[in-house]
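Here is a short report on a protein model with DNA. Please look over the sequence and the coordinates first.

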Amino acid sequence: MTPPSTPPDTLEELQHRVNAIAGLSLGDLACSANIKVPANFKKEKGWTGQLIELWLGASAGSKPEQDFVNLGIELKTLPITTTGKVLETTYVCYAHLTGNAGLNWQNCNVRNKLQHVLWLPVIGQRNISPAQRQVGTGIFWQPNALQEQRLRHDWEEHMDNIALGNIESLSAKAGDVLQLRPKAADGSVVTDATGVDGQMIKTRPRGFYLRKNFTQEIIDCAFDR
DNA sequence: CAATGATCATGC
DNA sequence: GCATGATCATTG
């Protein structure tokens, strides 16, 4: 088995690719693709995601759009335990801290990405080596009305705070399902933002993240629990 | 011991 | 620096 060289043309094709790697370990997938598996993810934290992208034929790159643009689907790997518990929060996208006038929930990047996502659970327990971690069954998900409402509520609250110059007092504690956290190579990276008095300030870049309770709910629902 | 805040790799 | 892929590790 080798990784596909083209993106999937249809949802069915994508589903087949997902089914083909379900149950396999990251070691199997890396070996078949001639890639070396890191001993741990202290470095190369995005390794799993990039390996799965390769196997599903996702268009690589850092473009702010879905992984499968033609299908309108976003791919997310989700680290879980063998008993199905979500281990980490999920990065959604970069948060712009200025120039957000005219941006609303309907046209924002968060909604655009979460409109239709393919969740791929992967064992992520640290006591299981990366090579041995198994890929689970893919879950095609679209937010229901209530889920979208909760996401929208948190998103609007965060965006209001950003616009009002409260970015420095915003912590990851805000938001029931969607949080704002630092997102940068290290603490030296800064970007423009609006300060409390409306002046331009420099602050650490932020990103939107999905809380664990939210993603847990998605997989529980998918496994009918 | 979960969650927040920090950090790693890569390609512009 | 921005944006993608995320997990690490200190701390409350």
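The sections below cover the DNA surface, an annotated region, one loop residue and the salt bridges.

## Status of the model

This is a predicted model. Distances and accessibilities below are computed from its atoms, with side-chain values based on heavy atoms.

## Surface around DNA strand B

DNA strand B has 19 residues around it. Those that come nearest are Lys45, Ala172, Arg181, Ala184 and Arg204. On the DNA side, sugar and phosphate make up 56% of the strand B atoms that come within 4 Å of the protein.

By class, eleven residues of this surface are charged, four are polar and four are nonpolar. Strand β5, residues 178-182, gives the most to the surface, with three residues.

## Polar contacts to the DNA

Three atom pairs show how the protein meets DNA strand B. The side chain of Lys45 places an N or O atom 2.7 Å from a base oxygen of the strand. Ala172 uses its backbone: a polar atom there is 2.8 Å from a phosphate oxygen.

Gln179 also meets a phosphate oxygen of DNA strand B. Here the partner is an N or O atom of the side chain, and the distance is 3.1 Å.

## The annotated region

An unreviewed UniProt entry places the feature "domain: DNA mismatch repair MutH/Type II restriction enzyme Sau3AI" at residues 56-154. Over that range the chain is 17% helix and 23% strand. The C-alpha atoms at its ends are 31 Å apart.

## Thr81 in its loop

Thr81 is in the loop between β1 (74-80) and β2 (90-95). Is Thr81 buried or exposed? Its relative accessibility is 12%, so Thr81 counts as buried, the cut-off being under 20%.

Leaving aside neighbours within four places in sequence, Thr81 is in contact with Leu87, Ile123 and Gln125.

## Salt bridge within helix α1

The whole structure holds seven salt bridges. Side chains of opposite charge can pair when their charged atoms come close. One of the seven joins Arg17 and Glu13, with N to O at 3.0 Å.

Both residues lie in helix α1, residues 11-21. Arg17 and Glu13 are four residues apart there, so about one helical turn separates them. Arg17 is buried, with a relative accessible area of 12%. Glu13 is partly exposed, at 27% relative accessibility.

## Salt bridge between two helices

Glu148 and Arg111 form another salt bridge through their side chains, with N to O at 2.9 Å. This pair links distant parts of the chain, 37 residues apart. Glu148 belongs to helix α5 (residues 145-163), and Arg111 belongs to helix α4 (residues 109-114). Glu148 and Arg111 are both buried.

## Salt bridge between two strands

Which parts of the chain does the salt bridge of Lys202 and Asp192 tie together? The closest N and O atoms of this pair are 2.8 Å apart. Lys202 lies in strand β7 (residues 200-203), whereas Asp192 lies in strand β6 (residues 191-194). The salt bridge therefore ties together parts that are ten residues apart in sequence.

Lys202 has a relative accessible area of 54%, so Lys202 is exposed. Asp192, at 26% relative accessibility, counts as partly exposed.

Technical notes:
Residues numbered from 1 in each chain as written. Chains lettered and ligands numbered in written order. Predicted model: local features only at pLDDT ≥ 70, side-chain atom pairs only at ≥ 80, totals over all residues. Near = heavy atom within 4 Å. Polar contact = N/O pair within 3.5 Å; in protein donor to acceptor, adjacent residues only side chain to side chain. Nonpolar A, V, L, I, M, F, W, Y, C, P; charged D, E, K, R; others polar. UniProt positions renumbered as here; feature names shortened; annotations may be inferred. Buried < 20%, exposed > 50% of the residue type's maximum accessible area, 1.4 Å probe, protein only. Contact = heavy atoms within 4.5 Å. Salt bridge = Lys/Arg side-chain N within 4 Å of Asp/Glu carboxyl O.
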